[in-house]
Structures are given as structure tokens and as C-alpha cells.
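Here's a quick tour of some side-chain and backbone details that are easy to miss when scrolling through a model. Have the viewer open as you read.

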Amino acid sequence: MVIMTMSSSPAFLPVLERIAEEIGRTPGRGRPADYIPALAACDPRSFGMAVAELDDTVYGVGEWRQPFSTQSITKVFTLALDLAREGDELWEHVGREPSGNPFNSLVQLEYEQGIPRNPFINAGALVVTDRLQTRTGDAAGELLSFLRAESGNASLDFDKEVAASESQHGDRNAALAHFMASYGNIDNDIPVLLDQYFRQCSVAASCADLALATTFLARHGIRADGTRLLTRSQAKQVNAVMLTCGTYDAAGDFAYRVGLPGKSGVGGGIIAVVPGRCAICVWSPGLDERGNSVAGVAALDRFTTLTGLSVF
């Protein structure tokens, strides 16, 4: 077994290469998200992985420069952008507990009277986007500007085909939004909110882009330009919610196997944070039954095993 020391940064690349080789020999990669037609045609055997250090040095293997649909990964960034603006008031409108139910559950929302269990299930993300929209007038635009700045990639953009596909198959999200509005937990007009939310989820970015964009959480809230987005305490909060809620209703298994704060998306991507050390993004579009990338979780499991890097 290769165990990296904390000073051996160049060893990231051989570790990534070893992981890519092991993943390439692994049969059974799951299935792409076929309920979003624009994602259904993705090759489940595609694979890319990147690690970004605190100085924005980035290493990658496979298709680490290939843009893919970020989907729910963007919920981390909208959470951080809104939390930076309104602080603890946000937590009066969305909880911080694991859901234990599917990410688009209406039943749980009814039990809890319109307050979503956490910001990473769809209902919670809609609340966060709604609140960011109220504060900025363009939540999706604010997100895109942030991702462009942190990744250094000014060409990042929304995928109009994916956004349109989300909108055409977005009845459940519309139902969630209307239900929360009936409890007074949504401020904006529902069509405006849904447009912002679908655009947010449609951002196309690569593993390199997302690893770089996530390093502010590894730097305890400090952006790439040295300015502070979140307090150290707020960065801890975001990382904690990622660890407990970031992989749908498989967060316990992800924490057990990987041991890092992480957030997955049904486009096949997963971001993960080693606080004070680096950020990681892995992509492979074949999903398990809970909506997480099969190869992505396996790759992160191997990464923490081979490097010894974990929050535990």
C-alpha cells in the first residue's frame, strides 16, 4: 500500500494513476440518470479525477478536463453564497439533519411543515436558491460568476439543453416549491425560482474546474484571490452538512467508506474536501440506486485509503 506523507504533494499523481487503473478494471459501473433525458446518453465507463491543493496546483487523470453536468454539486456553492450573506438566519428555513428519504420526497416535507430537512435534498436546495435569489436578483448568475472566478475558467456556462430537459421533467420540484410556499417558506414567484434552480443544476464543468472551485472549503472559507467568503465557523458548518447529508440517503455509507465531506450529483460527479489540505472531484456517470456515482465513490474510497487523508 502507498501511504502519502503530508509533504509529498507530487505523489498525488501516481496515486490518481493507480486509482484510475484499478477503476478501469472494475466491472459494473451503474447506470446514468435516465430520468433526465439529456444525461441518459452518457457512457457509464467514462472516468475522470482531479485534486486541487490550497495553492491551486491541480493534478488529474482520465477525463479530468471533460465538462459534465454538475447537477446537485452546485448546491454546495449556492449554500455557501447564501450563508455568507445572511448567516444563521438561513437555518431558520432549512435544517441540518440527514433525510433518510429520497432526495425529492414530498412526504417528509409534509411531516415537517414545509421546512426541508437539509440544504442538499431538492426541497432544501430550492429554499437556498430562493433566498439567494432574493438577495442577489440572479442566484444562478451569482453561482456562475463564483465558479468562473474560483476555477479560473471564464468559459464555464449553463447547458441550455440540460436546463430545458430539467424544466420539462420538473413537476416534482414544482410541487415541492408550491408546497413550501403554502407554508410561507418561499419568497419568489415559483416560475422564477424554478428557472433559477434548473439553470443552476445545468452548469457544465470539469473535474479540474470543480476541484479548484471547492478549495475555498479546504482553505476554511478563503477564496482563490485571498478574500474571505465564509468565516472559519461557517466553512466548518458547510463541510459538516456535506459529510452528513451530501450523498442523498447514503451519507452514512459514504462517511464510513470515504471519511470526507462530499457532495454528489446525478450527473456522476462528486466533490470532496480535505480541510486544510486539498479538494477533490471525481466523475463517472454510472449511478447506484441512490443516485451516487459507483466508480466515483470507489475512487474516493481508494484515495483516502492510499493517502491516509481523512477527517477521522
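What follows goes through aromatic pairs, charges over rings, a pocket, two backbone angles and one core leucine.

A word before the details: this is a predicted model.

**Aromatic pairs**

There are 8 aromatic pairs in the structure. A good place to start is F12 with Y59: the ring centres sit 5.8 Å apart and the planes meet at 50°, so this pair counts as tilted. Since F12 belongs to helix α1 (residues 12-24) and Y59 to strand β2 (residues 58-62), the pair ties together parts that are 47 residues apart in sequence. Both of these residues, F12 and Y59, are buried.

F12 has another partner, F303, and that aromatic pair is stacked, with 5.8 Å from centre to centre and 15° between the planes. Here the link spans distant parts of the chain: F12 is in helix α1 and F303 is in helix α13 (residues 294-307), 291 residues apart. Put together, F12, Y59 and F303 make up one aromatic cluster.

How buried are the two phenylalanines? F12 has a relative accessible area of 0%, under the 20% cut-off, so it is buried. F303 likewise comes out at a relative accessible area of 0% and is therefore buried.

**Charges over rings**

Two arginines have their charged ends sitting over tryptophan rings, as listed here.

| Charged residue | Ring | Distance from ring centre |
|---|---|---|
| R65 | W64 | 4.2 Å |
| R96 | W91 | 5.3 Å |

**The second largest pocket**

If you like pockets, the second largest one holds about 210 Å³ of space. Its lining is made of 16 residues, and L39, C42, P67, F68 and S69 are the ones that lie nearest the centre. Which elements give two or more residues to this lining? They are α2 (37-40), β3 (68-69) and α7 (160-168). Sorted by class, the lining of the second largest pocket has 9 nonpolar, 4 polar and 3 charged residues.

**Two positive phi angles**

Now for the backbone. Q71 has a phi near 55°, which is a positive value in a residue other than glycine. Q71 is found in the loop between β3 and α3 (74-86). With a relative accessible area of 3%, Q71 falls under the 20% cut-off and so is buried.

H220 also has a positive phi, near 60°, and is again a residue other than glycine. Its loop is the one between α10 (207-218) and α11 (232-245). Is H220 buried or partly exposed? At 22% relative accessibility, H220 counts as partly exposed, because that class covers values between 20% and 50%.

**A leucine in helix α13**

Last stop: L300, which has its place in helix α13. The relative accessible area of L300 is 0%, so this leucine is buried. Which residues does L300 touch, leaving out those up to four places away in sequence? The contacts are M49, F254, V258, I270, A272, I280 and V282. For a backbone distance to check in the viewer, try L300 and L260: they are 40 residues apart along the chain, and their C-alpha atoms are separated by 8.8 Å.

Helix α13 thus turns up twice in this tour, with F303 in the stacked pair and with L300.

Conventions: Residues numbered from 1 in each chain as written. Predicted model: local features only at pLDDT ≥ 70, side-chain atom pairs only at ≥ 80, totals over all residues. Heavy atoms only, no water. Phe/Tyr/Trp six-rings, centres within 6.5 Å; stacked < 30°, edge-to-face > 60°. Helix = DSSP H or I, 4+ residues; strand = E, 2+ residues; numbered from the N terminus. Buried < 20%, exposed > 50% of the residue type's maximum accessible area, 1.4 Å probe, protein only. Lys NZ or Arg CZ within 6 Å of the ring centre and 35° of its normal. 1 Å grid on protein atoms, 1.4 Å probe; cavity = no way out; pocket = protein on both sides within 12 Å on 5 of 7 lines; lining within 4 Å. Points joined across faces, edges and corners; volume = space filled by probe spheres on them. Nonpolar A, V, L, I, M, F, W, Y, C, P; charged D, E, K, R; others polar. Contact = heavy atoms within 4.5 Å.
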